[in-house]
Amino acid sequence: PGTLGAALRAAEVGRFDEAEKILTQFSVEHAGTPDGAESDFWRALLKTDPANRDATPRESMALYDAYLGGGATLPRNAEAVILRRVVESLDSTRTLLHTVRASADAREKARDDEVRRLNDGIDRTTAELERIKRRLTPKPQ
């Protein structure tokens, strides 16, 4: 409880790296025990926190996978399965959003290039019409 409390207090004020160190050390010291597994669960959960700007969904999923590797008898197995699915879904959605944005940016660039090309054509045509107009204008005698 003291270790978890210290880690949560660190995370509360945005020191996620410190929380990670506290929980990792505890997990290593208590490897193979239910308390060590609990520490792994909390590491994964803190990596899931949207306030943790340095964590990636891949890191979070890897930690859930490590926790779930302990078997279905772990006390937070159901929660870990659900949270891992949520993180995976959010990561897929984020990836899709990046793809859609990139596609939209490419379409916008192509449209801008086409507008620029058409404007250049209009400028050339206008210049040619002005040249023809000057040539056809009768000269004063």
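What follows is a conversation about a predicted model, its helices and its pockets.

Biologist: How far apart are the end C-alpha atoms of helix H4?
Modeller: Helix H4 covers residues 57-68, which is 12 residues. At 1.5 Å a residue, H4 should span 16 Å. The model agrees with that, because the end C-alpha atoms of H4 are apart by 16 Å.

Biologist: Which residues of H4 are buried, and on which side of H4 do they sit?
Modeller: The buried residues are Ser60, Met61, Leu63, Tyr64 and Tyr67. They cover an arc of only 160° around the axis. An α-helix has 3.6 residues a turn, so residues three or four places apart point the same way. The arc puts the buried residues of H4 on the same side.

Biologist: Which residues are exposed on the other side of H4?
Modeller: Exposed means over 50% relative accessible area. On that other side, the exposed residues are Arg58 and Ala66.

Biologist: Which helices do the buried residues of H4 pack against?
Modeller: Packing is a matter of contact, with heavy atoms within 4.5 Å. The partners of the buried H4 residues are helix H3 (34-48) and helix H5 (77-136).

Biologist: Tyr64 is in helix H4. Is Tyr64 buried or exposed?
Modeller: The cut-off for buried is under 20% relative accessible area. Tyr64 has 0% relative accessibility, so Tyr64 counts as buried.

Biologist: What does Tyr64 touch, not counting residues up to four places away in sequence?
Modeller: The buried residues of H4 pack against H3 and H5, and Tyr64 is one of those buried residues. The residues that Tyr64 touches are Phe41, Ala44, Leu45, Thr48, Ala80, Leu83, Arg84 and Val87.

Biologist: What separation do the C-alpha atoms of Tyr64 and Arg15 have?
Modeller: Along the chain, Tyr64 and Arg15 are 49 residues apart. In space, their C-alpha atoms are separated by 21 Å.

Biologist: Now to H3. How many of the residues of H3 are buried?
Modeller: H3 has 15 residues and is mostly covered. Among the buried ones are Gly36, Ala37, Phe41, Trp42 and Leu46. They pack against H1, H2, H4 and H5. The buried count for H3 is 11 of 15.

Biologist: What span should H3 have?
Modeller: The rule is 1.5 Å a residue, and H3 has 15 residues. The end C-alpha atoms are 21 Å apart, which agrees with the expected span of H3, 21 Å.

Biologist: Arg43 is in helix H3. Which residues does Arg43 touch, not counting those up to four places away in sequence?
Modeller: Arg43 has 15% relative accessibility, so Arg43 counts as buried. Its contacts include Leu63, one of the buried residues of H4. The full set for Arg43 is Glu20, Leu23, Thr24 and Leu63.

Biologist: Asp40 is also placed in helix H3. What is Asp40 in contact with, leaving aside its neighbours within four places in sequence?
Modeller: At 18% relative accessibility, Asp40 counts as buried, because the cut-off is under 20%. Asp40 is in contact with Ser27 and Tyr67.

Biologist: Which element gives the most residues to the lining of the largest pocket?
Modeller: The largest pocket holds about 280 Å³ of space. It is lined by 14 residues, and those nearest its centre are Lys47, Thr48, Pro50, Ala55 and Pro57. The elements giving two or more residues to this lining are H3, H4 and H5. With 4 residues, the element that gives the most is H5.

Biologist: How do the residues of that lining divide into nonpolar, polar and charged?
Modeller: The lining of the largest pocket has 14 residues. They divide into 5 nonpolar, 4 polar and 5 charged.

Biologist: Which element gives the most to the lining of the second largest pocket?
Modeller: This pocket has a volume of about 180 Å³. Its lining includes Pro1, Leu23, Glu38 and Trp42. Helix H1 (2-12), helix H2 (16-29) and H3 each give two or more residues. The element that gives the most, with 4 residues, is H3.

Biologist: Val86 is found in helix H5. What separates the C-alpha atoms of Val86 and Thr48?
Modeller: Val86 is partly exposed, with a relative accessible area of 40%. Val86 and Thr48 are 38 residues apart along the chain. Their C-alpha atoms are separated by 9.5 Å.

Methods
Residues numbered from 1 in each chain as written. Predicted model: local features only at pLDDT ≥ 70, side-chain atom pairs only at ≥ 80, totals over all residues. Heavy atoms only, no water. Expected span 1.5 Å × (residues − 1). Buried < 20%, exposed > 50% of the residue type's maximum accessible area, 1.4 Å probe, protein only. Arc of directions from axis to C-beta. 1 Å grid on protein atoms, 1.4 Å probe; cavity = no way out; pocket = protein on both sides within 12 Å on 5 of 7 lines; lining within 4 Å. Points joined across faces, edges and corners; volume = space filled by probe spheres on them. Nonpolar A, V, L, I, M, F, W, Y, C, P; charged D, E, K, R; others polar.
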